[in-house]
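This report covers a strand pairing and the nonpolar cores of one protein chain. The sequence and structure are shown below.

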Amino acid sequence: MYYQDYENREPESGAYLTPDRTQRQKPKRRSILRGGIAFVLAGAVFGGAAGGAFYGVNTLLTTACAAEAEETVENEEASVNSLSLSYTAETEESLDVTDIAAMGLPCVVSVTNISVQEVASYFGQFGHNGRGQTQTQETTSCGSGVIIYASDAGLYIVTNYHVVEEATTLSVTFVDDATYEAQLCGYDEDLDIAVIAVTIAQLSEETLSQISVAEIGNSDTLVVGEQVVAIGNALGYGQSVTVGYVSAVDRTISSDSGSATYIQTDAAINPGNSGGALFNMDGELVGINTAKVSSTDVEGMGYAIPISSILDVIASFITY
């Protein structure tokens, strides 16, 4: 079952002539002298030509690389800062797990869903024809979310649809343990994605000073064996950090998921982690943790929704 919460010179030929012994010494010296002068001149000409060519090529390459680098930087700067939730520029060096935790915890939240459900009544099981009666009962479930966008009006948090499904009341707990009411902005049941919001006006200065918005990475560039870090509200105990690797990409985990594919990881993902963050080693959000395989015969098979596949959907929920 699944807990719902991807390298001749060929030698010259000819005879050598042997000159008369009485005429050999003087011509030989001239020949050596001429040869030496020719060698020096040839070397100077070749060296000058090679040096000039090297200088010219080096200048061209330097100019071209500089122009390309400048164009790349301009393109990257132009692609950031928009509601299309574009990717952040790649960092030069990977971080360690403590760095990822320090960056990730402030942008991951716990989500509490209070809903009213119909349950079988104990006394109803003795009713007519043995048919049990039902009664309504308030239930509470927990999951996780990631702060993905902030405006002057509110904070927008992405989570799983099954975390907020049928909620009558939603609340969010931030890294400082402060809890606030949240509203549902939109959801896609098939993708198992939802966006909820918390108004800025109700947040205290202390909370605002400790939270942050996740940096978005490119899940399309993930490779098998790449290290990742999962952060979420495991078992409802509060935020916890687990570490693993990308076990596979483009995985399909059930027939109900249609064409949807997932990132498979061996980072521990447990009930309550649903809706939480999967970070790469640059501290960028690359996935939304959503499920794990639960079986006594299975270990280390968790799944996350690739962030690149849902950015447009998330942006539409924030906009509308």
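Which residues of the largest nonpolar core touch the most other members?

## Nonpolar cores

The model is predicted. Its largest nonpolar core has 50 residues, and Phe 174, Leu 285, Ile 307 and Ile 314 touch the most other members. Strand E7, residues 193–199, supplies the largest share of this core, with six residues. A second core, separate from this one, has nine residues, including Leu 222, Ala 230, Ala 267 and Ala 304. In soluble globular proteins, nonpolar side chains tend to be buried together.

## Contacts of Ile 307

Leaving aside residues up to four places away in sequence, Ile 307 touches Leu 285, Val 286, Gly 287 and Ile 288, among others. Its contacts also include Ile 216, Gly 217 and Ser 219, together with Ile 148 and Ile 314. Two of these partners, Leu 285 and Ile 314, are named with Ile 307 among the core residues that touch the most other members.

## Strands E3 and E4

Strand E3 spans residues 134–150 and strand E4 spans residues 154–159; the two run antiparallel and are joined by four bridges. One bridge pairs Ile 147 with Ile 157 in E4. The connection from E3 to E4 is a hairpin of three residues.

## Gln 137

Is Gln 137, a residue of strand E3, buried or partly exposed? Gln 137 counts as partly exposed because its relative accessibility is 37%, between the limits of 20% for buried and 50% for exposed. The C-alpha atom of Gln 137 is 5.4 Å from that of Gln 117, although the two residues are 20 residues apart along the chain.

Technical notes. Residues numbered from 1 in each chain as written. Predicted model: local features only at pLDDT ≥ 70, side-chain atom pairs only at ≥ 80, totals over all residues. Heavy atoms only, no water. Pairing = 2+ DSSP bridges. Buried < 20%, exposed > 50% of the residue type's maximum accessible area, 1.4 Å probe, protein only. Core = buried A, V, L, I, M, F, W, Y, C linked by side-chain atoms within 4.5 Å. Contact = heavy atoms within 4.5 Å.
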